[in-house]
Amino acid sequence: MTQADFLTSALRAPQDLSELDPAGPGRYFNRELSWLGFNWRVLEEAENTRVPLLERMRFLSISATNLDEFYTVRVAGLRELAHAGNTTPAADGLTPAEQLVLIDENARRLLAQQQKVLTDLLTLFEAEGIFIVTRDALSDKDRAFLDEAFLNKVFPVLSPLAIDPAHPFPFIANNGYCLALQLERVRDKRPLKALLPIPGQVDRFIELPADEGQHRFILLEDLLLLHIDSLFPGYRTKAHFGFRVLRDSDLEVEEEAEDLVREFEVALKRRRRGEVVRLTVSTGAPKGLRDIVMRELHVGEEEVIELQGMVGLADLKELVLDARPDLLWPQFMPRVPERVQDHEGNMFLAITQKDMLLHHPYETFDMVVRFVAQAARDPDVVAIKQTLYRTSRNSPIVDALCEAAEDGKSVTALVELKARFDEAANIRQSRRLERAGAHVVYGFLDWKTHAKISQVVRREGDKLVTYTHWGTGNYHPITAKIYTDLSFFTCDAALGRDAAKLFNYLSGYAQPEGLENIMISPHSLKPGMLDHIAAEAEHARNGKPAQIWLKMNSLIEPDMIDALYEASQAGVQIDCVIRGICGLRPGIKGLSETIRVKSIVGRFLEHSRIVCFGNGHGLPHKKARVFISSADWMGRNLNRRVETGIEILNATVKAQIVSQIMAANLADQAQSWVMSPDGSFERQPVPEGEFAFSCHRFFMENPSLSGRGSAGASDVPKLTHTEES
């Protein structure tokens with residue numbers, strides 16, 4: 001099968017949806033339901049028999065974590081709008097209340113399916129010698145072991161709480177998990193209602209002694225139930241159930257906050273006390289006790305989800321055992337680019353030779369860390385500027401910036417305090433940088449700074465040379481091992497000037513003028529992309545080859561979708577790799593019949609943002625126009641964030657992006673899902689007996705792609721392999 005066959009095999013015949021008004025809201029698919037569809041695809045990887053068993057459990061855990069975050073942010077926001085009586089429809093025409101009804105129905109099915117998948121996986125676990133032991137299956141030896149574990153590792157952090165007029169119902173934090181207990185005093189049968197918060201500081205799965213080659217665990221809540229008499233002496237358990245709380249986790253910051261850091265510290269404390277948006281309870285709850293919990297948490301039945309099975313599946317990540325590599329993905333070692341090796345690890349010499357593109361995680365993110373660390377220690381470096389949106393707790397990037405500042409270099413760090421769920425970590429990093437002597441700025445109050453830029457100014461002879469790194473992902477060494485992203489290094493003078501102007505904008509608020517090779521949101525990125533789409537449509541009308549290739553996490557911004565529809569109607573062939581949310585409906589006759597959308601869900605999280613325009617020559621072609629960006633095509637990225645889009649002018653790097661990265665993504669079958677006009681996704685069909693090409697496997701197994709930056713069209717995957725994917 002040829003590459004062209006792969007690119008078109010899943011492009012179905014255009015559907016004639018005569019009831020669809022091409023100018024009405026039905027031309028968009030709902031954002032929230034599209035996100036839920038993505039999480040269904042994540043869950044289905046937990047059912048995929050081609051995925052190693054422990055990795056399947058990891059996918060199940062990820063789907064649970066994703067859904068929790070969805071509720072604490074997106075559902076929380078919709079609830080607030082609905083409760084305020086807001087009936088303004090979304091782009092697809094659904095009001096907040098209507099969306100909540102559809103979300104609830106879909107999410108309940110998703111939660112039920114997660115429990116079914118867990119049951120199936122645990123059966124497979126047992127066949128591999130991994131067991132979750134119930135209380136009634138414990139031996140005397142197990143009980144003795146657990147008695148000691150309880151006293152030494154659990155008991156000191158427990159806080160059993162009676163519920164009566166003298167003991168008000170306690171505050172349960174977001175993600176808090178508790179046992180609700182109906183107890184009875186042994187001597188006089190006097191009832192007692194109590195709560196036992198399950199500490200998040202203790203592993204949810206307690207490992208028991210096991211024979212060699214086996215692993216046995218018991219749930220923490222079962223361990224606690226075994227020792228109720230130690231917590232409530234003289235009482236016995238009549239009934240119990242577990243419940244877990246999810247709260248509104250969006251932050252509200254005062255617009256006129258004088259001290260932004262302090263305001264965020266206060267807002268983080270408010271977040272812990274947000275309204276409950278979902279209460280998950282285990283089955284078998286006594287009605288009276290259940291009613292008390294609901295009343296005290298101020299939730300109605302519509303916010304309660306009763307589960308037959310385990311509550312809090314996000315904790316299943318603890319069962320992904322490093323001790324069982326036979327049940328994990330085969331070990332993969334990211335490559336060091338040959339050009340860097342040729343220069344004995346000197347990043348500046350490697351970049352001076354030629355612009356360099358790295359494709360993470362196939363090529364190590366350590367090169368990004370090395371770039372900043374070498375700058376910190378290089379006596380010829382006079383200044384470093386860096387954006388920090390998300391980074392690790394013990395960040396080597398922050399270490400290097402602190403070292404540079406302490407060494408007397410001029411260091412400017414843009415720390416984004418509004419990076420959701422990383423606000424507290426970013427506050428700690430900003431304090432640390434300030435103590436080292438770095439100049440820390442926080443960007444704009446109303447806009448998040450999501451751009452990923454590092455700028456190093458180095459004295460070389462009698463001039464200053466600016467080296468820049470432009471990324472599609474975060475400066476986070478841990479996530480960089482599992483996210484696919486691009487890092488572009490250059491000492492191009494124009495891009496150096498653009499970076500300097502952008503940093504001046506972030507620190508001084510004066511909108512930059514005369515940018516030479518980048519577009520930024522919320523000012524020029526969206527208009528620039530719209531202009532390029534319109535130009536491609538004009539090529540099609542003039543009878544020239546016209547193509548657009550897109551790769552990003554989300555495509556939901558209405559103006560961008562409408563521009564793609566117009567281009568499709570002009571005859572532009574549009575191929576999209578959209579991992580998550582997609583509001584565009586492909587394959588509709590007269591509206592989007594030349595548009596194909598696929599989603600890749602596999603070993604690595606597809607995160608890079610790439611846009612390619614044929615420029616009147618089709619794709620791939622050396623005259624194509626190619627951009628990498630920090631921005632998805634969402635309203636927040638294009639209209640309410642500081643983002644960058646960089647045109648790639650280096651012919652070699654351009655060929656690497658178009659003829660390798662994009663071509664392989666579009667050719668992927670093994671982990672691809674194809675979108676239908678109704679918004680649903682189906683796995684891309686693979687004819688029986690044929691090789692299913694995997695872009696992830698391809699990049700892991702082809703070290704030549706990271707060589708000296710000399711990749712070209714000849715490196716496009718030859719999709720005629722007979723080996724198994």
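Among contacts in the protein chain between residues at least 6 apart in sequence, what percentage join residues at least 24 apart? In this predicted model, the figure comes to 74%. The chain runs to 725 residues, and 58% of them count as buried. Its secondary structure adds up to 20 helices and 27 strands. The paragraphs below pick out a few of these elements, starting with helix pairs and moving on to strands and single residues.

Take helices H2 and H4 to begin with. H2 covers residues 31-45 and H4 covers residues 96-127; their axes come within 10 Å and cross at roughly 5°. With angles under 35 degrees counting as roughly parallel, H2 and H4 therefore go down as roughly parallel to each other. On the H2 side, the contact is made by Glu32, Leu33, Leu36, Asn39, Trp40 and Leu43. H4 brings Gln99, Leu102, Ile103, Asn106, Arg109, Leu110, Gln113, Gln114 and Val117 to the contact. Sorted by class, the residues where H2 meets H4 are eight nonpolar, five polar and two charged.

Another helix pair sits further along the chain. Helix H16 (residues 525-541) packs against helix H17 (residues 558-570) at an angle of about 10°, and their axes are 8 Å apart. H16 and H17 are therefore roughly parallel to each other too. H16 makes the contact through Lys526, Met529, Leu530, Ile533, Ala537, Ala540 and Arg541. The H17 residues involved are Asp559, Met560, Ala563, Leu564, Glu566, Ala567 and Ala570. What kinds of residue, by class, make up the contact of H16 with H17? There are 10 nonpolar and four charged residues, and no polar ones.

Strand E12 (residues 410-415) has a partner on each of two strands. Five of its six residues are buried, so E12 is largely enclosed by the rest of the structure. E12 pairs with strand E11 (residues 381-388) in the parallel sense, over six bridges, and Ile384 has Val411 of E12 as its bridge partner. Helix H13 (residues 396-406) joins in here: E11, H13 and E12 make up a β-α-β unit, and the unit is right-handed. E12 also pairs with strand E13 (residues 439-441), again in the parallel sense, with three bridges between them. In that pairing, Leu414 is matched with Val441 of E13.

The pairing around strand E26 (residues 672-675) is antiparallel. Strand E21 (residues 595-600) is joined to E26 by three bridges, and the two run antiparallel; Ser599 stands opposite Trp673 of E26. Strand E27 (residues 681-683) is likewise antiparallel to E26 and linked to it by three bridges, with Glu682 of E27 as the bridge partner of Val674. E26 and E27 form a hairpin with five residues between the strands, where Gly679 takes a positive phi near 95°. Which way do the residues of E26 point? Ser672 and Val674 point one way, Trp673 and Met675 point the other way, and all are buried. In a regular strand, side chains alternate between the two faces of the sheet.

Helix H9 (residues 287-297) has Leu289, Arg290, Ile292, Val293, Met294 and Leu297 as its buried residues. The cover over these residues includes strands E3 (177-185), E4 (191-197), E7, E8 (276-282) and E9 (304-307). Right after H9 comes His298, with a positive phi near 60°.

One of the strands covering H9, E7, also borders the loop that holds Gly234. This loop runs between helix H7 (228-231) and strand E7 (235-247). Gly234 is partly exposed, because its relative accessibility is 44%, a value between the 20% and 50% cut-offs. Leaving aside residues up to four places away in sequence, Gly234 touches Glu184, Arg185 and Val186. Arg185 is 49 residues from Gly234 in sequence, yet the two C-alpha atoms are 5.9 Å apart.

Is Asp142 of helix H5 (residues 140-154) buried or exposed? Asp142 counts as buried, because its relative accessibility is 4%, which falls under the 20% cut-off. Its contacts, again not counting residues up to four places away in sequence, are Ala137, Leu208, Pro209 and Arg216.

Conventions. Residues numbered from 1 in each chain as written. Predicted model: local features only at pLDDT ≥ 70, side-chain atom pairs only at ≥ 80, totals over all residues. Heavy atoms only, no water. Helix = DSSP H or I, 4+ residues; strand = E, 2+ residues; numbered from the N terminus. Buried < 20%, exposed > 50% of the residue type's maximum accessible area, 1.4 Å probe, protein only. Contact = heavy atoms within 4.5 Å. Pairing = 2+ DSSP bridges. Axes fitted to C-alpha atoms, helices over the stretch in contact; angles between N-to-C directions. Parallel < 35°, antiparallel > 145°, perpendicular 65-115°, else oblique. Nonpolar A, V, L, I, M, F, W, Y, C, P; charged D, E, K, R; others polar. Right-handed = clockwise from strand over helix to strand, strands pointing away.
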